[in-house]
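Please look over the sequence and the structure shown here before reading on. The briefing that follows moves from aromatic rings to strands, helices, cysteines and a few single residues.

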Amino acid sequence: MAEQKVRWGILATGGIAAAFTADLVDLPDAEVVAVASRRQESADAFAERFGIPRAYGDWTSLAEDGDIDVVYVATPHSAHREAAGLCLEAGRHVLCEKAFTLNAREAAELVALAKARGSFLMEAMWMYCNPLVRRLKALVDDGAIGEVRHVQADFGLAGPFPPSHRLRDPAQGGGALLDLGVYPVSFAQLLLGEPSDVTARATLSAEGVDLQTGALLSWDGGALASLHCSIVGGTATAASITGSAGRIDVPGGFFFPERFVLHRDGRDPEEFTADPADGPRNTLRHEAAEVMRALRAGESESPLVPLEGTLAVMRTLDAIRDRVGVRYPGEETAGGTTAGEAPELTPA
């Protein structure tokens with residue numbers, strides 16, 4: 001028997017919203033029933049492009065549409081707290097793009113709101129739902145390379161981005177860290193959990209956002225992670241996990257890998273490749289499928305992208321911004337804490 005379709009609303013009409021919707025409409029158990037933008041013309045054009053029956057020129061109408069089961073929030077992260085909060089308040093389930101919010105305080109507010117409303121909430125960290133990344137994590141968890149000692153990951157774009165671009169705009173949460181650095185941080189924490197200490201350095205723009213950031217995370221057990229993100233230089237987007245008994249190399253595109261290589265001491269290297277049946281490397285369908293699975297199971301969060309993990313990543317991003325001196329409008333410090341008080345990190 002076919003599964004009952006899950007009805008989706010799309011909030012925002014930019015590039016990531018289009019990419020997600022294109023993958024969503026190909027899933028037989030998904031139905032996109034409405035889209036919203038702050039401009040009616042944008043909503044109308046998006047609806048026509050994807051054959052969506054209802055188009056709203058404001059977010060509230062989408063949030064209050066009772067025919068919607070779950071809303072995908074695809075605004076810039078500076079608007080995630082407002083947009084996702086509006087939908088949760090109205091009783092909708094929410095899949096919210098990353099970075100989840102501007103800071104850990106806003107993230108905690110959304111999580112508390114979802115729990116108070118009994119609504120499902122998940123960060124759209126598609127990397128965590130990727131089948132090959134899940135296979136990599138399972139190998140690490142099973143001890144294939146022994147105890148993890150070091151994680152390296154980078155994500156950089158060559159640019160250049162003009163000062164008018166959203167990546168250079170503090171009001172939109174600009175900079176390399178929240179757009180790109182969230183991937184290396186999330187990758188390291190997928191394998192090691194929340195770090196006990198954070199050191200970071202950055203090159204800042206005239207507007208006060210980070211053009212590139214390097215971070216060294218450490219854990220009480222002795223593990224380290226060396227992470228880099230940039231909007232002024234294209235990087236290999238490679239990752240490597242070194243353990244006490246081996247190493248895993250992800251040669252490129254670590255957050256949507258085509259392959260990775262397992263090196264175990266005393267054994268020939270083993271290559272693991274993506275299954276063509278899982279779709280193209282850049283598909284977003286796996287995170288959509290996970291949302292729908294969780295909703296049908298009556299779960300309030302996904303075990304693949306748990307809310308505490310999302311909060312932990314946001315605390316680390318806050319700590320990095322605190323170390324490098326990036327503040328967004330309305331923040332007293334990077335995480336919204338009082339001046340001179342560093343964001344707290346929960347020991348791993």
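Which residues form one aromatic cluster? The cluster is made up of Trp-126, Phe-155, Tyr-183, Phe-187, Phe-254, Phe-255 and Phe-256. Please keep in mind throughout that this is a predicted model. An open sheet of eight strands, twelve aromatic pairs and zero disulfides are among the features described below.

**Aromatic rings**

- The structure holds twelve aromatic pairs, and one of them joins Phe-155 and Tyr-183 in an edge-to-face arrangement, with 5.5 Å from centre to centre and 65° between the planes.
- Phe-155 belongs to strand S7 and Tyr-183 to helix H8 (residues 176-192), so this pair ties together parts that are 28 residues apart in sequence.
- Both partners are buried: Phe-155 has a relative accessibility of 10%, and Tyr-183 has one of 7%.
- A member of the cluster, Phe-256, also has a charged neighbour, since the charged end of Arg-281 sits over the ring of Phe-256 at 4.3 Å from its centre.
- Elsewhere, the charged end of Arg-38 is placed over the ring of Trp-59, at 3.8 Å from the ring centre.

**The eight-stranded sheet**

- Eight strands make up an open sheet with mixed pairing, and their order across the sheet is S8-S9-S10-S7-S11-S12-S13-S14.
- At the edges lie strand S8 (197-204) and strand S14 (270-273), each of which pairs on one side only.
- On average, and with direction ignored, neighbouring strands of this sheet are turned by 10° against each other.
- Strand S8 runs antiparallel to strand S9 (residues 210-218), and eight bridges join the two; within this pairing, Ala-200 has Ala-215 in S9 as its bridge partner.

**Helices on the sheet**

- Helix H10 (residues 307-324) packs on the sheet, where it touches S8 and S9, and the direction of H10 makes about 55° with that of S8.
- Helix H7 (residues 131-141) lies across strand S7 (148-156), strand S11 (239-243), strand S12 (246-250), strand S13 (259-264) and S14, and H7 runs at about 15° to S13.

**Strands S1 and S2**

- Five of the six residues of strand S1 (residues 6-11) are buried, so strand S1 is largely enclosed by the rest of the structure.
- Strand S1 runs parallel to strand S2 (residues 30-36), to which six bridges join it, and the bridge partner of Val-6 in S2 is Ala-30.

**Cysteines**

- Why do Cys-87 and Cys-96 not form a bond? The sulfur of Cys-96 is 9.2 Å from that of Cys-87, its closest cysteine sulfur, and this is too far for a bond.
- Cys-87 is therefore in no disulfide, and the structure as a whole holds zero disulfides.
- Both of these cysteines are buried, Cys-87 with a relative accessible area of 0% and Cys-96 with a relative accessible area of 0%.

**Single residues in helix H8 and strand S7**

- Is Val-182, in helix H8, buried or exposed? At 0% relative accessibility, Val-182 counts as buried.
- Leaving aside neighbours within four places in sequence, Val-182 is in contact with Lys-98, Ala-99, Glu-123, Met-125, Leu-177, Val-313 and Leu-317; of these, Leu-317 is 135 residues away in sequence, although the C-alpha atoms of Val-182 and Leu-317 are 7.4 Å apart in space.
- Gln-189 lies in helix H8 as well and is buried, with a relative accessible area of 7%.
- Leaving aside neighbours within four places in sequence, the contacts of Gln-189 are Tyr-128, Glu-194, Pro-195, Ala-312, Val-313 and Thr-316.
- Gln-152 lies in strand S7 and is partly exposed, with a relative accessible area of 25%.
- Leaving aside neighbours within four places in sequence, Gln-152 is in contact with Ser-226, Ala-238, Ala-239 and Ser-240, while Gln-152 and Ile-241, which are 89 residues apart in sequence, have a C-alpha to C-alpha distance of 6.6 Å.

Technical notes. Residues are numbered from 1 along each chain as its sequence is written. This is a predicted model: local features need pLDDT of at least 70, side-chain atom pairs count only at pLDDT 80 or more; totals for chains, interfaces and linings use all residues. Side-chain values use heavy atoms; hydrogens and water are left out. Two strands pair if DSSP finds at least two bridges between them. Helices (H or I, at least four residues) and strands (E, at least two) are DSSP runs, numbered from the N terminus. Axes are lines fitted to C-alpha atoms, for helices over the stretch in contact, and angles run from 0 to 180 degrees between N-to-C directions. Contact means heavy atoms within 4.5 Å. Rings of Phe, Tyr and Trp (its six-membered ring) pair if their centres lie within 6.5 Å; planes under 30 degrees apart count as stacked, over 60 as edge-to-face and the rest as tilted. Buried means under 20% relative accessible area, exposed over 50%, partly exposed in between (1.4 Å probe, protein chains only). A charge sits over a ring if NZ of Lys or CZ of Arg is within 6 Å of the ring centre and within 35 degrees of the ring normal. A disulfide is a pair of cysteine sulfur atoms within 2.5 Å.
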